[in-house]
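Subject: Structure for you to look at

Hi,

Here is the structure I said I would pass on. Have a look at it first, and then read my notes underneath.

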Amino acid sequence: MSGFQLNINDLMKKAAVFHGHLCPGLAIGVLVAKYALEHGYEHSPDEEIVAVVETDNCSVDALQILLKTTFGKGNLVHLDYGKGNYSFYNRKAQKGIRLALKKEISNYKDLSRDEKIHKLLEFEPEDVFDIHEIEFNPPGLALIDESVPCEMCGELTMENRIMIYEGNSLCIPCYKESRK
Ligand SMILES: [Zn+2]
Ligand SMILES: [Zn+2]
């Protein structure tokens with residue numbers, strides 16, 4: 001399937017414009033995106049491709065701009081595990097892959113920021129990640145739910161986030177406040 005190779009420096013430039021600066025985290029995200037793009041996880045104008053990331057660091061911005069898996073569309077899911085793991089699902093092809101950051105990468109801690117970026121961009125994604133196919137088991141499609149006003153603050157709140165407290169429909173902050 002890997003019939004083409006994208007230029008890593010072009011991808012990095014594009015990602016840096018979106019992210020705002022150059023950093024090693026972004027370089028890691030660019031390597032993830034490069035592998036995904038080259039293996040059938042193409043740009044996702046809608047929710048065709050889903051990314052599940054286990055970190056919320058700089059790397060995720062490379063996925064948002066290069067793969068168009070974005071927070072707003074709901075095809076970027078964050079699991080707050082603090083791990084360099086990235087899973088992708090292609091709804092059309094019904095397949096999934098997972099890239100897990102290899103522990104050897106932590107050996108480069110002593111390099112300067114620029115040296116780290118340079119070093120990372122010289123690698124192939126396979127050097128940096130353990131890569132495996134995974135079962136096709138993506139998160140559900142984004143829900144488009146009605147919003148209703150919270151009975152305490154009056155702010156519009158998605159119905160599936162409304163909490164009931166003593167018979168009132170409340171938003172989460174008001175629910176927490178009421179229970180104090
Ligand atoms: Zn950064
Ligand atoms: Zn409220």
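Let me start with helix α3, where the buried residues are S59, V60, A62, L63, Q64, I65, L66 and L67. That makes eight of its nine residues, so α3 is largely enclosed by the rest of the structure. What do those buried residues pack against? The partners are α1 (8–19), α2, β1 and β2. Bear in mind throughout that this is a predicted model.

**Some overall numbers**

The protein has six helices and nine strands. Of its 180 residues, 31% count as buried. Its C-alpha atoms fill a box of roughly 60 × 40 × 30 Å along the principal axes. If you take the contacts between residues at least 6 apart in sequence, 64% of them join residues at least 24 apart.

**α3 against α2**

Back to α3, and its packing with α2. The two helices meet at an angle of about 40 degrees, and their axes are 7 Å apart. The crossing is right-handed. On the α2 side the contact is made by G25, L26, I28, G29, V30, V32, A33, A36 and L37, and on the α3 side by S59, V60, D61, A62, L63, L66 and L67. By class, that contact of α2 with α3 comes to twelve nonpolar residues, three polar and one charged.

**α2 against α4**

α2 (residues 24–38) has another helix partner in α4 (residues 113–122), with an angle of about 10 degrees and axes 9 Å apart. At that angle α2 and α4 are therefore roughly parallel to each other. Here P24, A27, I28 and L31 of α2 meet R113, K116, I117, L120 and L121 of α4. This contact has seven nonpolar residues, two charged ones and no polar ones. I28 is worth clicking on, as it is listed in the contact with α4 and also in the contact with α3.

**The sheet**

Now for the strands. Five of them make an open sheet in the order β2-β1-β3-β4-β5, and the pairing is mixed. Which strands sit at the edges? They are β2 (76–78) and β5 (129–134), each of which pairs on one side only. On average, neighbouring strands here are turned by 15 degrees against each other, ignoring direction.

Going through some of the pairs:

- β1 and β2 are parallel, joined over three bridges, and A51 has L76 in β2 as its bridge partner.
- β1 and β3 run antiparallel with five bridges, and the partner of V52 in β3 is S87.
- β4 (residues 95–101) and β5 are antiparallel too, with six bridges, and R98 stands opposite H132 in β5.

How much of β1 is buried? Five of its five residues are, so to speak, under cover. Both of its faces are covered, with I49, A51 and V53 buried on one side and V50 and V52 on the other.

**Helices on the sheet**

α2 lies across β3 (85–90), β4 and β5, and runs at about 155 degrees to β4. α3 (residues 59–67) packs on the sheet as well, where it touches β1 (49–53) and β2, and its direction makes about 175 degrees with that of β1.

**Just after α3**

One last spot to check is K68, which follows α3 and has a positive phi, near 65 degrees. K68 sits in the loop between α3 and β2. Is K68 buried or partly exposed? It has 18 C-beta neighbours inside 10 Å, so K68 counts as partly exposed. Setting aside neighbours within four places in sequence, K68 is in contact with H43, S44 and P45. For a sense of scale, K68 and N168 are 100 residues apart in sequence, and their C-alpha atoms are 39 Å apart in space.

If you only have a few minutes, I would go to α3 and its contact with α2, and then follow β1 with its two buried faces.

Cheers

Note on methods. Residues numbered from 1 in each chain as written. Chains lettered and ligands numbered in written order. Predicted model: local features only at pLDDT ≥ 70, side-chain atom pairs only at ≥ 80, totals over all residues. Axes fitted to C-alpha atoms, helices over the stretch in contact; angles between N-to-C directions. Helix = DSSP H or I, 4+ residues; strand = E, 2+ residues; numbered from the N terminus. Parallel < 35°, antiparallel > 145°, perpendicular 65-115°, else oblique. Contact = placed C-beta atoms within 7 Å. Nonpolar A, V, L, I, M, F, W, Y, C, P; charged D, E, K, R; others polar. Pairing = 2+ DSSP bridges. Left-handed = near helix turned anticlockwise from the far one by under 90°. Buried ≥ 20, exposed ≤ 12 C-beta atoms within 10 Å, placed from the backbone.
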